[in-house]
Amino acid sequence: MIVKIDLRSDTKTLPSDLMRKAMANAQVGDDVAGEDPTVNALEARAAELLGKEAALFVTSGTQGNLVSVLAHTQPGQKIIFEQDAHIFHYERGGLARIAGLLAHPLPGHHGAMDPADVEEAIWPQEAHRAPTGLIALENTHNRAGGTCLSVEQTEAVCEVAHRHGVPVHIDGARIFDAAVALEVPACQLAAPADSITFCLSKSLGAPVGSLVCGSGEFIARAREFRKILGGGMRQAGIIAAAGLVALEHELPRLHEDHEKARQIAETLQELPGVHLDITTVQTNMVRFELRREDMSAQELCARLADYGINAIAQDGTRIRFVTHRDISFADAERVCTALREVLASD
Ligand code: TLP
């Protein structure tokens, strides 16, 4: 068997030697009491990068989104988001189960909602209607294929929301990928919104953790909810240390992951039965459909496994590939060769 190339997700990356060294040597203390210098340094750095007053280290993207939702809303309110949002599809219904919110999904184009639709969905306040407590955006947008929301798109939705007194949260699990692709600092993408979550354990390649960023008052509330959810982590500097390394050493190389994704997408585009909208390949993901009589998406993944390539099908026709730190340019080329060999003839 050849080297394993894992295209299932950028969550599969293993910590670098630099991260492991930083973890071993990390200064730690009790973070629940605010005494962990490494967590404090990571939170300060995150707040600075995202241009917000404060930040909170949380266990995961899911927890970051949930504490944000809880800190912004009251049970019985409504949350508006694009219908393919991660928060709706892949977070075990925490919105309903824990936050007690009514979900109002809206259609989108490449993950972006039309601000006019958002305005219409913010129902006028009257006796029968649930008040809108929050609007959630996602940048980059996972189910749309890692597409970016521009500063202007973000501003347009935030303008509508704020005019109606509704806060906006960004699920920015991969916000730095959007920043790199759009060539704007991440803080500009976050500026119009009230809060943002980003993940260290996705394209940034750290083993664990996410950060929630927002105003000091908002982060104080989010901290209370983190405690309620069991997310107070004591000597968490051990993992925060890897996060600091990620922010220093992984940010500058994210563009390489985007180039690898493009390389694979361009190959796929030429192959029979592959349906791929290349305009959605903006960051480190390639989402495509395989419409062939002779091969399902699952069968393609099984064939790729013979080449040491690990990929999973979303369903009978759809596949997502994600590039990341542990996939080299040579690996991406191997993926292209394998795809050509498996799919060239129809
Ligand atoms: N996404 C994962 C999972 O869906 C498995 C992936 O492989 O892409 N927001 C966005 C946009 C995400 O893509 C993810 C994870 C999360 C939130 C949740 O983060 P975690 O997994 O840390 O809870």
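Ala, Val, Leu, Ile, Met, Phe, Trp, Tyr, Cys and Pro count here as nonpolar, Asp, Glu, Lys and Arg as charged, and the others, Gly among them, as polar. Keep that scheme at hand for the tour. The model is predicted.

**Stop 1: the largest cavity**

Two cavities of 30 Å³ or more are counted in this model. Start with the largest, at about 110 Å³. Select Gly111, Met113, Ala136, Leu137 and Glu138. Of the 14 lining residues, these lie nearest the cavity centre. Now colour the lining by class. You should find nine nonpolar, two polar and three charged residues.

Next, show the secondary structure. Which elements each supply at least two residues of this lining? Select β3 (78–82), β6 (112–113), β7 (132–138) and α7 (151–163). Of the contributors, β7 gives the most, with three residues.

**Stop 2: the second largest cavity**

Move on to the second largest cavity, with a volume of about 40 Å³. Begin with the run Gly172, Ala173, Arg174, Ile175, Phe176 and Asp177, which is part of the lining. Then add Phe198, Cys199, Ser203, Leu204 and Leu254 to complete the set. By class, this lining holds seven nonpolar, two polar and two charged residues.

Switch to the cartoon again. Both α8 (175–182) and β9 (195–199) supply at least two lining residues. The largest share, three residues, belongs to α8.

**Stop 3: the ligand**

Now centre on the ligand. Where does it sit? The ligand occupies the second largest pocket. Select Ser9, Thr62, Asn142, Asp171 and Arg174, which come nearest among the 14 residues around the ligand. Arg174 is also on the list from the previous stop, as a lining residue of the second largest cavity.

Turn on distances and check three contacts:

- Ser9: a polar side-chain atom lies 2.7 Å from a ligand oxygen atom.
- Asp171: an N or O atom of the side chain is 2.6 Å from a ligand nitrogen atom.
- Arg320: an N or O atom of the side chain is 2.9 Å from a ligand oxygen atom.

Then show the surface. On its own, the ligand has 510 Å² of accessible area, and the protein covers 79% of that.

**Stop 4: the shell around the ligand**

Stay on the ligand and select helix α3 (residues 61–72). This helix gives the most to the shell, with three residues. Finally, colour the shell by class. How many residues of each class surround the ligand? The shell has one nonpolar, seven polar and six charged residues. For contrast, return to the largest cavity, where the lining has nine nonpolar residues.

Definitions and conventions
Residues are numbered from 1 along each chain as its sequence is written. This is a predicted model: local features need pLDDT of at least 70, side-chain atom pairs count only at pLDDT 80 or more; totals for chains, interfaces and linings use all residues. Side-chain values use heavy atoms; hydrogens and water are left out. On a 1 Å grid over the protein atoms alone, a cavity is a set of points where a 1.4 Å probe fits but cannot get out, and a pocket is an open set with protein on both sides within 12 Å along at least five of seven lines; lining residues have an atom within 4 Å of a point. Grid points are joined across faces, edges and corners, and a volume is the space filled by probe spheres set on the points. Helices (H or I, at least four residues) and strands (E, at least two) are DSSP runs, numbered from the N terminus. A residue is near a molecule or strand if one of its heavy atoms lies within 4 Å of it. A polar contact is a pair of N or O atoms within 3.5 Å; within protein, one must be able to donate a hydrogen and the other to accept it, and residues adjacent in sequence count only if both atoms are side-chain atoms. Accessible areas come from the Shrake-Rupley method with a 1.4 Å probe; for residues, only the protein chains shown count as cover. A molecule sits in a cavity or pocket if more than half of its atoms lie within 2 Å of its grid points.
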